[in-house]
Amino acid sequence: MKYSFFSSAADGPRDNALPDDAHSDNALLDAYSKAVTKVVERVGPSVVRLDIRHGDRTRAGSGSGVIVSPDGLILTNSHVVQGAKLAEMMTLDGRNLSGRVLALVRADEDAKLPSAKLGNSKTLKPGEIAIAIGNSFGFDASVTAGVISALGRSPRSKNGRLIDDVIQTDAALNPGNSGGPLVSSQGEVIGINAAVISGAQGICFAVASNTASFVLGELVAHRTVRRAYLGIGAGTVPVPRRIALRLGLAQATGAVVSAVDAESPADHAGLLTGDILLAVDGVPVTGADDLVRLLDAEKINRTIPLDVLRRSDRRRFWAALRERK
C-alpha cells in the first residue's frame, strides 16, 4: 500500500490549512507583540540599574530606576535607596555614572540622558496592557508584560504603613525590578514597580504615576515629602448615578475607604470601610490620587472637614490630622 503526502489543487483544500479564526488570533498576537516591542524600544533606554553605596563605598543593595529628566533625575523606590548617600548607575547603552541620593537619585556627570514621560494613572482601566522593565536579579533591561489587574489597592509596607494609590498587575516582578517603571501601551510610565506577595503568582504592585509625580515635585522643591496623616487605605469608585443626582453631586467618582488604621485620625473621626470620600477641606475628591495631593504639609496639625457618602446619605466628619511618619 502506498501513501501519498501530496495533493493537487483539484483535490480540494489541504487539511493543514489554518481556519479563518486562527489567522485572526495570529494577527492579534502579532499586534500585541509589536505594541510591547515598540514600548520597550521607546522607554527601555531610560531605565537604569542602581547599585547603592554607603558613605564608605560598601555595597548596600541594588535595584532599578527610571530617568525622568534628561539632566539626570532618576525616580526609584524609597526602599531601594533608604539610608544610603551614593549610587552607581548603568544605562542601557553601557554608560557608568555616579549619583547622589536625594530621596531621588541625581546623576553627578554632566550628561544628556534619555528620559521617560510620566503618564496619567487616573485614566487607567483594569485589563489594559502593563509592561515592566527593570534589572531582575541583576539581568539588565529585563522585560515582562501583563495587564492591570486592579487599581487603588492599599497594601501595607514592611513597617505596617498603608501605601496609597497602588496598581496591581500580573506583569512578573522579581528582586531587582523594584524602582523600575511600569509602562502603558502608549509608552508612558504609569507606575513605579514596588513589591510582590511572596508565594503568590501574578500579584505584583506599583505605585501609581500620579502619586509618584506628586512626590517627585515635593522632592525637587523641598528635598523631602511632608504629608498629613489621615490613616486610611483608599481606592477609586464611581458614585451611584441616582444618588449623585439626588444629592446634586457634580463628580462621578470618589475615594472609597478600604481600610482604617486603629487609633488614626480617621478612626477617631468615625470613618468606616465602605465610606466614599467626596471632599477634603471643601475640595472635591475624585479618587485615591487626589487624597495624596490634598493631604499635604499645610494640613498637618489642622482639624479639617471630610464630606462622606455613607450608604445613600451625605455626612460630614471632622478629622484632626497629624504629620505622617
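**Exercise 1. Decide whether strand 12 is mostly covered, and describe what surrounds strand 12.**

Solution. Strand 12 is mostly covered, since five of its five residues are buried, where buried stands for under 20% relative accessible area, exposed for over 50% and partly exposed for what lies in between (1.4 Å probe, protein chains only). The model is a predicted one, in which local features need pLDDT of at least 70 and side-chain atom pairs count only at pLDDT 80 or more, while totals for chains, interfaces and linings use all residues. Residues are numbered from 1 along each chain as its sequence is written, and side-chain values use heavy atoms, with hydrogens and water left out. Helices (H or I, at least four residues) and strands (E, at least two) are DSSP runs numbered from the N terminus.

The next step is to look at the partners of strand 12. On one hand, strand 11 (residues 189-196) and strand 12 (residues 204-208) pair in the antiparallel sense over five bridges, pairing being accepted if DSSP finds at least two bridges between two strands; here Ala195 stands opposite Phe205. On the other hand, strand 9 (residues 166-169) pairs with strand 12 over four bridges, again in the antiparallel sense, and Ile167 has Ala206 as its bridge partner.

The last step is the helix: helix 3 (residues 209-222) lies across strand 11 and strand 12 and runs at about 50 degrees to strand 12. The axes behind this angle are lines fitted to C-alpha atoms, for helices over the stretch in contact (heavy atoms within 4.5 Å), and angles run from 0 to 180 degrees between N-to-C directions.

**Exercise 2. Find the barrel and state the order of its strands.**

Solution. Six strands, taken in the order 7-8-9-12-11-10, close into a barrel with antiparallel pairing. From one strand to the next, the twist averages 45 degrees.

**Exercise 3. Describe the second largest pocket by its volume and its lining.**

Solution. Begin with the volume, which is about 220 Å³ for the second largest pocket. A pocket is an open set of points on a 1 Å grid over the protein atoms alone, where a 1.4 Å probe fits and protein lies on both sides within 12 Å along at least five of seven lines, and lining residues have an atom within 4 Å of a point.

Then turn to the lining, which includes Lys122, Leu151, Asp165, Val166, Ile167 and Ala208. Strand 8 (142-153) and strand 9 each supply at least two of the lining residues. Sorted by kind, the lining residues are five nonpolar, four polar and three charged, with Ala, Val, Leu, Ile, Met, Phe, Trp, Tyr, Cys and Pro counted as nonpolar, Asp, Glu, Lys and Arg as charged, and the others, Gly among them, as polar.

**Exercise 4. State whether Val66 is buried or exposed, and list some of its contacts.**

Solution. Val66 is found in strand 2 (residues 59-69). Its relative accessible area is 0%, so Val66 counts as buried. Leaving aside neighbours within four places in sequence, Val66 is in contact with several residues, among them Ser46, Leu75, Ala116, Pro181 and Ile192.

**Exercise 5. Locate Ala141 and Arg311, and give the phi value of each.**

Solution. Ala141, in the loop between strand 7 (129-134) and strand 8, has a positive phi near 55 degrees although it is not a glycine; at 34% relative accessibility, Ala141 is partly exposed. Arg311, in the loop between strand 18 (303-310) and strand 19 (313-320), likewise has a positive phi, of about 60 degrees, and at 75% relative accessibility Arg311 is exposed.

Terms used: Points joined across faces, edges and corners; volume = space filled by probe spheres on them.
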